[in-house]
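Me: I'm a first-year student and I'd like a close look at one part of this protein, its ring cluster. Could you walk me through that part and then connect it to the rest?

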Amino acid sequence: MSLTKTERTIIVSMWAKISTQADTIGTETLERLFLSHPQTKTYFPHFDLHPGSAQLRAHGSKVVAAVGDAVKSIDNIGGALSKLSELHAYILRVDPVNFKLLSHCLLVNLAARFPADFTAEAHAAWDKFLSVVSSVLTEKYR
């Protein structure tokens, strides 16, 4: 699946706004993930998963930074996220379905935080982009 020029433009354009609030968005996304899909907490037994905890904020920041790396390398997402894919597949052994769950939680947060920008076209572009990211993150599992 490849992104069209229009979809890439939408992603990059919105990222300029998202990146200014990346830490908050990352934290809120993880909080939503753990609340909506409590089974995902099993990968974080050593974390304080209370809303707003330092560990949650730090990991949320990492998650959104990885999305930012994918945006910055939108023409080579596989290369940008290769090491992250290896980490999740070989060391952390994260169930691939969790990437889809996380993507959905991120989409919800983006829609809530940027309602004027999150048009139907933007939603479709971000959904497709995050599907590509999820696919890249799971390709080492094969």
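Which residues do ring pairs link into a cluster?

Reply: Happy to! Ring pairs join F34, F44 and F47 into a cluster. Before we look closer, please keep in mind that this is a predicted model, in which local features need pLDDT of at least 70 and side-chain atom pairs count only at pLDDT 80 or more, while totals for chains, interfaces and linings use all residues. Residues are numbered from 1 along each chain as its sequence is written, and side-chain values use heavy atoms, with hydrogens and water left out.

Let's begin with the rings. The whole structure has three aromatic pairs (rings of Phe, Tyr and Trp, taking the six-membered ring of Trp, with centres within 6.5 Å; planes under 30 degrees apart are stacked, over 60 edge-to-face, the rest tilted). One of the pairs is F44 with F47, whose centres are 5.0 Å apart and whose planes make an angle of 55°, a tilted arrangement. F44 has a relative accessible area of 15%, so F44 is buried (buried is under 20%, exposed over 50%, partly exposed in between, with a 1.4 Å probe and protein chains only).

Who else is beside these rings? Leaving out residues up to four places away in sequence, H59 touches F44 and F47, and also L30 (contact means heavy atoms within 4.5 Å). H59 belongs to helix α3 (helices are DSSP runs of H or I with at least four residues, strands runs of E with at least two, numbered from the N terminus). With 22% relative accessibility, H59 counts as partly exposed. To get a feel for distances, put your cursor on H59 and then on A112: their C-alpha atoms are 21 Å apart, and 53 residues separate them along the chain.

Now compare the cluster with another ring pair, W126 and F129. Their ring centres are 5.4 Å apart and their planes meet at 85°, so this pair is edge-to-face. W126 and F129 are three residues apart in helix α7, which means about one helical turn lies between them. W126 is buried at 1% relative accessibility, and F129 is buried at 0%.

That pair leads us to the nonpolar interior. The largest nonpolar core has 31 residues, and W126 and F129 are among those with the most contacts inside it, along with I18, I77, L81 and L110 (such a core is a set of buried Ala, Val, Leu, Ile, Met, Phe, Trp, Tyr and Cys residues joined through side-chain atoms within 4.5 Å). Helices α1, α2, α3, α6 and α7 each give at least two residues to this core, and α7 gives the largest share, nine residues. Set apart from it is another core, of nine residues, including L33, L56, V63 and C105. To see how parts of the chain come together, pick L110: beyond its neighbours within four places in sequence, L110 contacts I18, I25, F118 and W126.

Charged side chains also join parts of the chain. There are five salt bridges (a side-chain nitrogen of Lys or Arg within 4 Å of a carboxyl oxygen of Asp or Glu). E28 and R113 form one of them, at 2.7 Å from N to O. E28 is in helix α2 (residues 22-36) and R113 in helix α6, 85 residues apart. Both ends are partly exposed, E28 at 28% and R113 at 29%. Another salt bridge joins D117 and K17 at 2.9 Å, N to O. D117 sits in the loop between α6 (97-113) and α7 (120-138) and K17 in helix α1, so this pair ties together parts 100 residues apart in sequence. Here too both residues are partly exposed, D117 at 27% relative accessibility and K17 at 40%.

Finally, step back to the whole protein. Its secondary structure consists of seven helices and zero strands. Of its 142 residues, 40% count as buried. Among contacts between residues at least 6 apart in sequence, 77% join residues at least 24 apart. The C-alpha trace spans about 40 × 35 × 20 Å along its principal axes.
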